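Student: Hey, I'm about to look at this one for the first time. Can you walk me through it?

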There are 2 protein chains.
Amino acid sequence: MSDDVRNALSALSNISEHWQPHRLASINDYDLKVVKLQGEFVWHTHPDTDELFLVLSGELTIQLRDRDVILGPNDVFVVPKGVEHCPKAAAEVQAILFEPQGTVNTGHVGGSMTSNLRELG
Amino acid sequence: MSDDVRNALSALSNISEHWQPHRLASINDYDLKVVKLQGEFVWHTHPDTDELFLVLSGELTIQLRDRDVILGPNDVFVVPKGVEHCPKAAAEVQAILFEPQGTVNTGHVGGSMTSNLRELG
């Protein structure tokens, strides 16, 4: 495999922490990130950008204020800019995120679950 | 499933043509597209943007002028802006593309394999 080819599942197998996105690749000024999710995150919005979720394994619920969006493997959902949301997963989920560089996982709320973007080892 | 959740593999199961990207989702001014690839494409570059490939099934070769990049399931590769490339696949490949809206599949060369972005039925 070339040095500049990254495998999403291999990268995830090296991540143990939940809710900590790691950069898999960059395209222009956007990042493709991999992340493991389990438990409940925090309600937040991204005031300046949409946020795309692509689930690789497991079942992810993205709670919106008016409904729950349930995502399984290969499901894609875009949380529109400014829409409050709170992901949760009863069991571990592996997912890909796509968003502009500099997007913070906790959006406008910050707090203890804020994670700087990690680089893969 | 909510109307705004899209499954990448379900979408691909409804596509029969090769080399014709279909929009699965949009995030800001970028598109996530699904595409089936088989055979050899044309050498081209995208002068203004990187282009991200994420393979879902099959084996995709992205020929560069100095080497071949081989991608299997869950592999991600970014063709840098301005780098000449020509994808080929001996057997059918299902893949996701990420790129700015308006990116044309044949880049600067055009020709008979140029496909307008398709919308899913």
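Tutor: We'll go through the ground rules, then how the chains meet, then strands, turns and salt bridges.

Student: Ground rules first, then. What kind of model is it, and how are things numbered?

Tutor: It's a predicted model, where local features need pLDDT of at least 70 and side-chain atom pairs count only at pLDDT 80 or more, while totals for chains, interfaces and linings use all residues. Residues are numbered from 1 along each chain as its sequence is written, chains are lettered from A and ligands numbered from 1 in the order in which they are written, and side-chain values use heavy atoms, with hydrogens and water left out.

Student: Cool. How many residues of chain A are in contact with chain B?

Tutor: 36 residues of chain A are in contact with 36 residues of chain B. Contact here means heavy atoms within 4.5 Å.

Student: And what area is buried between chain A and chain B?

Tutor: About 2700 Å², with carbon and sulfur atoms giving 56% of that. Buried area is the accessible area (1.4 Å probe) that two parts lose on being put together, summed over both. On the chain A side, Ile27(A), Asn28(A) and Asn74(A) supply 20% of the area that chain A buries against chain B, more than any other three residues.

Student: How many salt bridges are there between chain A and chain B?

Tutor: There are 2 salt bridges between chain A and chain B. The rule is a side-chain nitrogen of Lys or Arg within 4 Å of a carboxyl oxygen of Asp or Glu. Arg67(B) and Asp4(A) make a salt bridge through their side chains, at 2.7 Å from N to O.

Student: What about polar contacts across that interface?

Tutor: The rule finds 16 residue pairs in polar contact between chain A and chain B, both residues at pLDDT 80 or more. A polar contact is a pair of N or O atoms within 3.5 Å; within protein, one must be able to donate a hydrogen and the other to accept it, and residues adjacent in sequence count only if both atoms are side-chain atoms. As for residue types, the side of chain A that touches chain B divides into 21 nonpolar, 6 polar and 9 charged. In that count Ala, Val, Leu, Ile, Met, Phe, Trp, Tyr, Cys and Pro are nonpolar, Asp, Glu, Lys and Arg are charged, and the others, Gly among them, are polar.

Student: Which strand of chain B does strand 1 of chain A join?

Tutor: Strand 1 of chain A runs antiparallel to strand 7 of chain B, and 2 bridges join them. In that pairing, Asn7(A) stands opposite Asp75(B). Two strands pair if DSSP finds at least two bridges between them. Strands (E, at least two residues) and helices (H or I, at least four) are DSSP runs, numbered from the N terminus.

Student: Switching topic: what does strand 2 of chain B pair with?

Tutor: One partner is strand 3 of chain B, antiparallel and joined by 5 bridges. Ile27(B) has Tyr30(B) as its bridge partner there. Strand 2 of chain B also pairs with strand 9 of chain B, in the parallel sense over 2 bridges, and His22(B) stands opposite Arg118(B) in that strand.

Student: What's in the turn between strand 2 and strand 3 of chain B?

Tutor: The two strands form a hairpin with 2 residues between them, and Asn28(B) in the turn has a positive phi of about 55°. Most residues other than glycine have a negative phi. Asn74(B) has a positive phi too, of about 75°, although it is not a glycine. Asn74(B) lies in the loop between strand 6 and strand 7 of chain B.

Student: Are those two buried or exposed?

Tutor: Asn28(B) is partly exposed, with a relative accessible area of 27%, while Asn74(B) counts as buried at 17%. Buried means under 20% relative accessible area, exposed over 50%, and partly exposed in between (1.4 Å probe, protein chains only).

Student: Back to salt bridges: which ones does Arg23(B) make?

Tutor: Arg23(B) forms one with Asp31(B), the closest N and O atoms being 3.0 Å apart, and Asp31(B) counts as buried at 2% relative accessibility. Arg23(B) also meets Glu119(B) in a salt bridge, at 2.4 Å from N to O. That second pair links distant parts of the chain, with Arg23(B) in strand 2 and Glu119(B) in strand 9, 96 residues apart.

Student: And in chain A, which residues are joined into one network?

Tutor: Arg23(A), Asp31(A) and Glu119(A) are joined by salt bridges that share partners.
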